[in-house]
Amino acid sequence: MLIAALNNRVLLAARRNSFLQRRIAHSPVSVGISLLSLCSVGLVRCMCGNSVSSMETPVIVEPMGTHTATVFFLHGLGDTGHGWGQQMNEIKAPHIKYVCPTAKQIPVTLNGGMKMNSWFDIKSLSFDSAQDEAGITGASDDLKSWIAQEEQNGIPASRIVLAGFSQGGAVALYTALTLEKKVAGVIGLSTWLPLHHKFPDAIKGVKDYPFLQCHGDMDPMVNYAFGNMTSEKLKKFASNHEFKTYSGMQHSSCYEEMEDVKSFLNRVLPASPPSNH
């Protein structure tokens with residue numbers, strides 16, 4: 001069995017004067033997983049709070065100007081915050097802080113119980129398979145606590161974007177839907193809605209803020225059909241939802257997608273926040 005079934009560890013190759021291209025590493029369980037260490041970008045510091053203390057230090061790309069907004073970006077299964085921290089550094093705006101935490105290492109059923117960085121356990125690739133509800137809600141609670149920390153530091157929820165790739169995007173979507181407060185927006189790349197059977201009953205608050213969902217139509221891991229089903233589900237209760245498809249893209253990212261992410265962030269987190277934020 002290949003651990004690549006849903007191991008979206010991303011191998012990053014720097015493209016000078018451009019964005020980074022993400023590729024997926026495929027390897028058998030017996031081979032294990034090799035980590036690609038990347039230098040963190042921007043100023044890296046440890047976030048406070050018990051929920052984060054047992055995790056690896058998150059990558060934080062600090063704003064170059066006055067800090068008025070924050071983006072939380074959660075990586076995919078087996079990855080770390082370093083790769084996406086580099087991506088955020090490529091598209092950064094001077095007033096935004098980008099926080100890319102790294103999940104704890106836990107046993108993952110799909111990988112034969114092997115420990116790897118994971119926001120929650122993944123048991124199967126089936127859309128309707130048993131899910132790690134405790135792990136999903138726990139990861140969501142962590143993200144909610146980080147939002148609360150930002151609010152204590154003077155950044156309101158309305159100036160925060162929740163984002164993620166694959167498994168990290170799943171946590172971002174679930175958190176946004178179960179958070180009573182309005183955030184500035186939500187980004188889900190190559191992802192799905194976990195515990196989808198609980199919605200719309202589990203929704204808290206009005207979801208009239210922007211959702212951007214992106215997916216490659218050749219994704220062999222989080223099947224494009226899962227992205228479509230998630231999109232159709234979200235459209236029922238998220239009135240400002242957009243689903244973008246990238247022709248030929250697999251379980252990865254591309255220049256066009258990152259340009260769309262950059263445009264979305266510029267739109268929902270303008271340099272000058274509205275006076276009623």
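**Salt bridges, helix 3 and nonpolar cores**

E232 is partly exposed, with a relative accessible area of 46%; buried means under 20%, exposed over 50%, and partly exposed in between (1.4 Å probe, protein chains only). The model is predicted, so local features need pLDDT of at least 70 and side-chain atom pairs count only at pLDDT 80 or more, while totals for chains, interfaces and linings use all residues. Residues are numbered from 1 along each chain as its sequence is written, and side-chain values use heavy atoms, with hydrogens and water left out.

The side chain of E232 meets that of K235 in a salt bridge (3.9 Å, N to O), defined as a side-chain nitrogen of Lys or Arg within 4 Å of a carboxyl oxygen of Asp or Glu. Both residues lie in helix 5, three residues apart; helices (H or I, at least four residues) and strands (E, at least two) are DSSP runs, numbered from the N terminus. The whole structure holds seven salt bridges. Another joins E133 and K198 at 3.3 Å, N to O, linking helix 3 to the loop between strand 9 and strand 10 across 65 residues.

Helix 3 has 20 residues and an expected span of 28 Å, which agrees with the 28 Å between its end C-alpha atoms; the expected span is 1.5 Å times one less than the number of residues. Its buried residues include G135, L143 and W146.

The largest nonpolar core (buried Ala, Val, Leu, Ile, Met, Phe, Trp, Tyr and Cys residues joined through side-chain atoms within 4.5 Å) has 43 residues. Helix 4 gives the largest share of this core, seven residues. Another core, of 29 residues, lies apart from it and includes A69 and F264.
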